[in-house]
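Trainee: I would like to go through this model term by term. Where do we start?

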Amino acid sequence: MNSTVYVDNNATTAVAPEVTEAMLPYFTEHWGNPSSMHTFGGHVKRALDAAREKVAALIGAEHPSEIIFTSCGSESNNMAILGAVDAMGGHPHVITTRVEHAAVLGPCHYLEDKGFRVSTLDVDEKGRLDIERIREESMAGKKTVASIMWANNETGVIFPVPEVGAVIKEGGGIYHTDAVQVAGKLPVNVKEIPVDLLSISGHKLHAPKGIGALYVRRGTKLTPQIMGGHQERGRRAGTENTPYIVGLGKACELAMQTMDKDAAHERRLRDRLEAGILATCKGARVNGDTEHRLPNTTNISFEYVEGEAILLMLDDVGICASTGSACASGSLEPSHVLRAMDVPRALLHGSIRFSLSRYNTDADIDDVLEKLPVIIDRLRELSPFVKD
Ligand code: PLP
């Protein structure tokens, strides 16, 4: 696997060596239960508190108690939406967008099936939101719970969260944002933006898979989704996953130290990659708003070729990327994000997402730029739709 080029960091990231090192003692020496009254539990409890402080610091939360540890970003999203809707009572109006992650769309569809009014807002051809539409929906009279993401995992397009939050708050609603792709990549300061609930996932910022967090602004009412224990102040029952929580804390601490440097590094590599692909691959087009975009992501469609075929051929030459389309039960379903953006048919099935991390190098980009144009040429030769 040594020669593998990994450019799929929005799917998951490598665990940072510093994170693994911080976690190890919590498997070997400090395996106590943080709720235990004895010394053995006390040490672990202090590590848990320290990790909570680090997560709070990464997003500028005023009180560490505003952080609830969860098992993943998906749990954080479900907890935020279902918990806020339940706590609000009286069938609030739910507002979301067509380009959210499945872990937001899933609970929203569930609520719709239960008879809630759910407005799923469109985006334009660049994946941008219409703030006026959000205003209309949030002023429509009913109490609202809105779940509108910060940055899109497929295209990297960033939504104007401060403006979205202001509009939702104007209407008296509760605002949740899925910040899974933002936390650790860009500065987040919940003191300055009107969000009530914000989701984080460990494995997108060099902590392991299976740990997440939900920021809950003080005073926000939330019904627990896992009941039966006093942990997390009664908001999420279950003995805490201490090694992973320590790992998430360490990853947040590292992100705070290296975020600016990492973002500049990733942006430079991403821009080199993108410019190189556009210059050398026929029929290539970038999807989404390139002005408001994560520094590490580019989503590129290749006209008249299948994304899955590109991916498999890239994989054969040691390059791991991702496609916007999901191959579900034998049928090729184009990405719901690209469909929401009305990406033309000829480009819809041929999208590839390249997402970088602090560990990518110029040599990785050279490798992709050397191998990808050959693959695209070969696939275009085989395509019945290509005329040139
Ligand atoms: N939200 C977004 C935007 C994501 O990209 C992901 C993961 O791909 C999730 C939520 C789910 O996070 P997790 O894998 O930790 O459940």
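Mentor: With Ala-11, which touches Tyr-6, His-203, Lys-204 and Arg-353, leaving aside residues up to four places away in sequence. Contact means heavy atoms within 4.5 Å. This is a predicted model: local features need pLDDT of at least 70, side-chain atom pairs pLDDT 80 or more, while totals for chains, interfaces and linings use all residues. Residues are numbered from 1 along each chain as its sequence is written, and side-chain values use heavy atoms, without hydrogens and water.

Trainee: Why is Ala-11 called partly exposed?

Mentor: Its relative accessible area is 28%. Buried means under 20%, exposed over 50%, and partly exposed lies in between (1.4 Å probe, protein chains only). So Ala-11 counts as partly exposed.

Trainee: What makes the crossing of helix 3 and helix 8 left-handed?

Mentor: The near helix is turned anticlockwise from the far one by less than a right angle; clockwise would be right-handed. The axes of helix 3 (residues 39-58) and helix 8 (residues 242-280) cross at roughly 35° and come within 8 Å. Axes are lines fitted to C-alpha atoms over the stretch in contact, with angles from 0 to 180 degrees between N-to-C directions. Helices are DSSP runs (H or I, at least four residues), numbered from the N terminus.

Trainee: How do you know that the largest nonpolar core lies between domain 1 and domain 2?

Mentor: Domain 1 (5-12 + 258-382) and domain 2 (17-254) both give residues to this core, so it lies between them. The bounds come from an automatic or database domain assignment. Among its 60 residues, Ile-59, Ile-67, Ile-134, Leu-198 and Leu-248 touch the most other members.

Technical notes: Helix = DSSP H or I, 4+ residues; strand = E, 2+ residues; numbered from the N terminus. Core = buried A, V, L, I, M, F, W, Y, C linked by side-chain atoms within 4.5 Å.
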